[in-house]
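Take a walk through this protein, from the overall fold down to single side chains. Keep the model open beside the text.

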Amino acid sequence: MKIERVISPGGIEAWLVHSDANPLIAMRFAFRGGSTQDPKGKEGLAYFISAMMDEGAGELGAVAFQEREQALAMRMDFDTSRDVMLGNVQTLTANKDEVFDLVRLALTKPRFDKDAVERVRAQILAGLKFDENDPGTVASLAWDRLAFQDHPYGRPIKGTMASISAIAPDDLAGYVDRVFARDKLVISVVGDIDAATLGKALDHIFGDLPLQSALTPVAEANPPLGPTSEIIEMDVPQSVAQFGHRGIARKDEDFIPAYVLNYIIGGGGFSSRLMEEVREKRGLAYSVHSNLFPFQHGAVFIGNVATKNEAVGQSLDVIASELRRVADQGPTEEEFADAKSYLTGAYALRFESSSSIANQLLWIQIEDLGIDYAARRNELVEAVTLDDIKRVAKRLIEADRLITTIVGKPVAAKSQAAPG
């Protein structure tokens, strides 16, 4: 896979993988900022924006804009995370000029008409109402609040009923003006377009955006260590628990060993330690897993388990015991070899389609890993030693200092405050 760095005549950069095997183009782009740029009291603003980007632009109202999308057989959607606002465009090569025109309109002249705003607001509020009764969502939101406290990461990405209700069209326009700018833009393109054509298209689509963003500075998050736990009662037959603590940053030299370690602990599905101990040996839960989340301003290690109310306490005890054992002893040679074999072998599956390749290249740029990272990644995994894993396990895992949230009607589980 050849990745070209394309610089447009106007100075806009994108990474391109040119392939004319199919008459398709996939473009992914992101503006750094995300939900961290939501003002207090207007939580969910970025999420609201992501749902509004095909609701009219320029002279086209919402219906006309969406009819034009359908006529062009294109796909354009937006999403937001804590750190970035993401855009996704897919088009037939034959329609690229008209599609790029429409994307340019959406980014530079969004309308935010009142009727469209109110319709989307109603949809978001309905979704939030549904989330209030979803134990996994409630546990996750509560965990973020305990772990990140007053930091923007502690606020709900989708907002609250009150904050979404408070957002006005001027708030939406103000976010776009502050965040959609060229200095915080990264782009990846895969498919049937050459570098020269892409260069001109980049200037056409993104050239009218402001050169400089006006982002609100975001402090580094430093999640406190527990033990801290919170129980939120919900009348459901099965409780959901989320547990974890601070993690390891993406650019930290120990991240790749930590990534391999997490696969062994809870990231490897049925082959993971937690699945073996909690489900296979004891039948306490259908699933249990863990993951590393290296956010831009603070990394965390998080796990989840869902089990019947009577088994929550035992499940969490088994999880803590297993985490303690991994931290003390590390994995076995067999676990280590199997993890590296899977992680290197499965990496190619992330590059199966134009859109998946574009997505991988986008996140490599967002995380500033270098244009050669895809070629180097398996070498980095192969270079990890068992001694590295054991050392990082002692550094990462704090089994007695977990932050835990439980939603349901757990039996024999107690809320616990952090030591003063």
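What follows moves from the whole chain to its aromatic rings and then to three polar residues.

This is a predicted model. Start with the whole chain. It has 15 helices and eleven strands. The radius of gyration is 23 Å, and the globule rule gives 22 Å for 420 residues, so the chain is as compact as a globular protein of that length. Along the principal axes, the C-alpha trace spans about 60 × 50 × 35 Å.

How much of the chain is buried? Buried residues account for 52% of the 420. The exposed surface of the chain comes to about 18,700 Å². Carbon and sulfur atoms supply 50% of that area. Now look at the contacts with a sequence separation of 6 or more. Of these, 83% join residues 24 or more positions apart.

Turn to the aromatic rings. The structure holds eleven aromatic pairs. One of them is formed by F29 and F31, with ring centres 6.2 Å apart. Their planes stand at 75 degrees, and an angle over 60 counts as edge-to-face, so this pair is edge-to-face. Both F29 and F31 are buried. They also belong to a wider group: ring pairs link F29, F31, F78, F180 and F206 into a cluster.

Which rings does R82 lie over? One is Y153: R82 lies over its face, at 5.8 Å from the ring centre. Another is F295, where the charged end of R82 sits 4.6 Å from the ring centre.

R82 leads on to T36. T36 touches R82, and it also touches Y153, one of the rings just described. D83, P152 and V218 are further contacts of T36, leaving aside residues up to four places away in sequence. T36 is found in the loop between β3 (24–32) and α1 (45–52). Is T36 buried or exposed? Its relative accessibility is 8%, so T36 counts as buried, the cut-off being under 20%. The side chain of T36 reaches back to the backbone oxygen of G33, at 2.6 Å. For a sense of scale, take L92. T36 and L92 are 56 residues apart in sequence, and their C-alpha atoms are 34 Å apart in space.

Next comes N262. This residue has its place in helix α9, which covers residues 255–267. N262 has 6% relative accessibility, so it counts as buried. What does the side chain of N262 join? A polar contact of 2.7 Å links it to the side chain of S290. S290 is also among the residues that N262 touches, together with G267, N291, L292 and F301; residues up to four places away in sequence are not counted.

Finish with T344. It lies in helix α12, residues 333–346. Its relative accessible area is 14%, so T344 is buried. Where does the side chain of T344 reach? It reaches the backbone oxygen of K340, at 2.8 Å. With residues up to four places away in sequence left out, T344 touches R377, N378, V381 and E382.

Set the two threonines side by side. The side chain of T36 reaches a backbone oxygen, that of G33. The side chain of T344 reaches the backbone oxygen of K340. T36 sits in a loop, whereas T344 sits in a helix.

Conventions:
Residues numbered from 1 in each chain as written. Predicted model: local features only at pLDDT ≥ 70, side-chain atom pairs only at ≥ 80, totals over all residues. Heavy atoms only, no water. Phe/Tyr/Trp six-rings, centres within 6.5 Å; stacked < 30°, edge-to-face > 60°. Buried < 20%, exposed > 50% of the residue type's maximum accessible area, 1.4 Å probe, protein only. Lys NZ or Arg CZ within 6 Å of the ring centre and 35° of its normal. Helix = DSSP H or I, 4+ residues; strand = E, 2+ residues; numbered from the N terminus. Rg over C-alpha atoms; globule rule 2.2 N^0.38 Å. Contact = heavy atoms within 4.5 Å. Areas by Shrake-Rupley, 256 points an atom, 1.4 Å probe, with all protein chains shown as cover. Polar contact = N/O pair within 3.5 Å; in protein donor to acceptor, adjacent residues only side chain to side chain.
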